[in-house]
Amino acid sequence: MTVSAPVRLGLLRLADSAPSVVALQRGLFRELGLSVELSVEPSWANIADKLAYGLLDAASMLPPLALAAALGLRGAPAKLLVPMGLSGGGNTVTVRREVADAIASPAGAHDALAKGRRLAAWLRAQPAPPRFAVVHAFSTHNLLLRYWLAASGIDPDRDITTVVIPPEQVQAALAEGRIAGFCAGAPWGELAEQDGTGRHLLGTSEIWANHPEKCLAVAEPWAMANPAALQALLRGLLQAQLLCEQAGSAAWVAGLLAEPPLNLPAAAVRACLPRGSAAERIRFHAGGAWVPQRSQAIWFLAQMRRWGWLGTEIDLRDAAERVYRPDLLAAAADAEGRSWPGTDIVTAGGLCDGTIGDQPAAGV
Amino acid sequence: MQALAADRGITVSRLQPGDSLLEAVAVHGPDVVLVDMARPDRDALESLRQLSASNPRPIALFVDQDDPSFMEAAIAAGVSSYNVIGTPPPDVKPILRAAVALFRRYQQTRAALDSAETRLEERAVIDQAKTRLIRERRLSEPDAYRWLRRNAMSSGQKIVDVARKLLREAEDTRS
């Protein structure tokens with residue numbers, strides 16, 4: 001196979017960008033005849049814009065933002081598809097030390113809802129709504145945080161103020177007291193914990209077990225014009241996910257992420273990789289993280305509607321089927337010898353309030 | 001931005017380094033925001049509509065759907081635009097065009113400056129390595145340079161990289 005122009009693959013400085021970096025640096029793309037250029041972007045907005053206008057062919061993306069961009073909730077509707085999941089879990093809710101101390105309960109229950117109810121009591125005692133940071137309105141972080149707060153009896157629009165801060169700046173914002181807490185991806189929670197300003201309150205997998213985190217989004221015109229390149233891209237990423245998931249790979253994966261272009265802190269990243277020491281760890285392939293399930297897309301869309309960001313004129317199932325394309329992954333899965341779970345099968349993952357996350361109606 | 005400021009129909013407010021994009025938008029209430037795409041706080045700006053319950057000022061990514069190639073050129077140049085009042089003013093396109101052209105020129109100047117700085121820095125490293133060779137291996141200056149060049153050619157590296165390696169090794173043996 002020959003591919004003339006290199007595939008432009010966008011990502012952010014995050015530990016869950018590992019599959020793209022590993023596939024490139026380990027020569028997995030090259031072995032498949034694919035030339036790939038990584039483009040490290042400073043914002044999710046850049047990724048969405050560049051995918052929409054053909055300056056990126058593919059990117060590691062937040063599933064809710066991919067859906068929002070495709071539906072035209074942030075500017076003109078972007079022609080993009082989600083053919084693959086890149087990771088699951090890995091985000092943490094981290095709070096300032098004094099908040100953690102105030103809601104600590106050594107004898108009390110430690111499930112997500114018990115922690116949420118203690119946070120609710122603390123919030124009620126505050127003179128003004130404390131500020132919590134997420135990385136984008138249309139992020140898994142924001143939707144999962146809001147789901148958990150609401151399930152704990154907290155109104156996320158009234159009892160807290162949500163601000164958006166880039167992941168690499170949340171640690172400083174927490175240290176300077178500009179926010180009471182944040183929900184961000186790895187390794188930023190781990191770093192805040194290490195420097196003593198933050199305490200891990202809970203991982204997002206406690207809010208929704210096996211929740212999808214990053215997905216691969218591709219520009220639809222590119223994908224349609226380059227089906228062979230798309231298959232090679234999917235296969236390379238699939239191989240890289242399996243490598244990242246393997247026992248004994250954490251050290252060298254963290255080492256790769258510590259090098260340019262990501263320059264992430266190796267020790268903190270390593271803790272957040274599969275089998276790491278952090279409480280919340282990234283899954284790259286396990287738990288069905290690689291399959292872009294439409295039921296999950298519907299859950300994200302339903303949450304957006306719940307908070308009033310998505311009108312009733314949009315059919316959720318229709319939108320999910322248009323953007324989420326697990327069918328495109330079937331051939332790549334076959335070529336890699338992965339047993340294909342099919343496009344309709346769901347991996348059940350429980351939500352913290354006892355509902356099943358993959359059931360479209362959950363939490364609506 | 002002078003060309004924009006010279007237009008009497010337009011008031012241009014520029015952010016100072018370190019200013020928050022969100023605060024500037026709240027203070028100035030602009031019709032259109034032109035953003036350098038290198039700013040990480042773009043995500044905060046475009047999340048405002050969903051997250052600010054108190055002041056839901058409509059913010060939309062301003063996109064000319066009739067002219068995607070223009071938006072592509074703007075994004076390639078590193079400029080993105082947001083319309084914060086709902087309907088874009090009719091004369092917004094010339095403003096964007098001027099901004100894109102200015103931004104591109106600014107980037108070229110910056111790139112030229114960067115490469116000049118890099119060259120100066122590289123020359124300093126090579127000079128330092130030469131000084132060390134002259135002192136420690138008692139080479140003449142032309143011989144020191146030839147030594148670096150020969151090593152660079154045989155190892156397929158740049159002269160400056162060989163110089164850096166030499167200095168690093170000298171550092172290691174000392175410590």
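Good morning. I begin with the nonpolar cores of this predicted model. The largest nonpolar core has 152 residues. Within this core, the residues with the most contacts are A:A15, A:L51, A:A66, A:L80, A:F182, A:A217 and A:V218. Helix α12 of chain A provides the largest share of the core, namely nine residues.

Let me take A:L80 as an example. Leaving aside residues up to four places away in sequence, A:L80 touches A:L51, A:A66, A:A69, A:A70, A:A217, A:V218, A:A219 and A:E220. Apart from the core just described lies another, of eight residues, including B:I126, B:A144, B:L148 and B:A163. As a general remark, nonpolar side chains tend to be buried together in soluble globular proteins.

I turn now to the packing of helices. Two packed helices are described by the angle between their axes and the distance between the axes. In chain A, helix α1, residues 18–25, and helix α12, residues 227–245, have axes that come within 8 Å and cross at roughly 105°. The helix α1(A) is therefore roughly perpendicular to α12(A). On the α1(A) side, the contact involves A:A18, A:P19, A:S20, A:V22 and A:A23. Their partners in α12(A) are A:G236, A:L237, A:Q239, A:A240, A:Q241, A:L243 and A:C244. By character, the residues of this contact between α1(A) and α12(A) are eight nonpolar and four polar, with no charged residue.

Next comes helix α17 of chain A, residues 327–335. Which residues of this helix are buried? They are A:L328, A:L329 and A:A332. Because these residues cover an arc of only 85° around the axis, they lie on the same side of α17(A). A:D327 and A:D334, on the other side of α17(A), are exposed. The buried residues pack against strand β4, residues 80–85, and against α12, both of chain A. Just after α17(A), A:G337 takes a positive phi of about 70°.

Finally, I consider the two chains together. How many residues of chain A are in contact with chain B? There are 22 such residues, and they meet 23 residues of chain B. On the chain A side, helix α3, residues 44–52, and strand β7, residues 161–164, each supply at least two residues. The most comes from α3(A), with five residues. The residues on this side of chain A divide into twelve nonpolar, six polar and four charged.

To close, I return to α12(A): this helix gives the largest share of the largest core, its axis crosses that of α1(A) at roughly 105°, and the buried residues of α17(A) pack against it. Thank you for your attention.

Key. Residues numbered from 1 in each chain as written. Chains lettered and ligands numbered in written order. Predicted model: local features only at pLDDT ≥ 70, side-chain atom pairs only at ≥ 80, totals over all residues. Axes fitted to C-alpha atoms, helices over the stretch in contact; angles between N-to-C directions. Helix = DSSP H or I, 4+ residues; strand = E, 2+ residues; numbered from the N terminus. Parallel < 35°, antiparallel > 145°, perpendicular 65-115°, else oblique. Contact = placed C-beta atoms within 7 Å. Nonpolar A, V, L, I, M, F, W, Y, C, P; charged D, E, K, R; others polar. Buried ≥ 20, exposed ≤ 12 C-beta atoms within 10 Å, placed from the backbone. Arc of directions from axis to C-beta. Core = buried A, V, L, I, M, F, W, Y, C linked by C-beta atoms within 7 Å.
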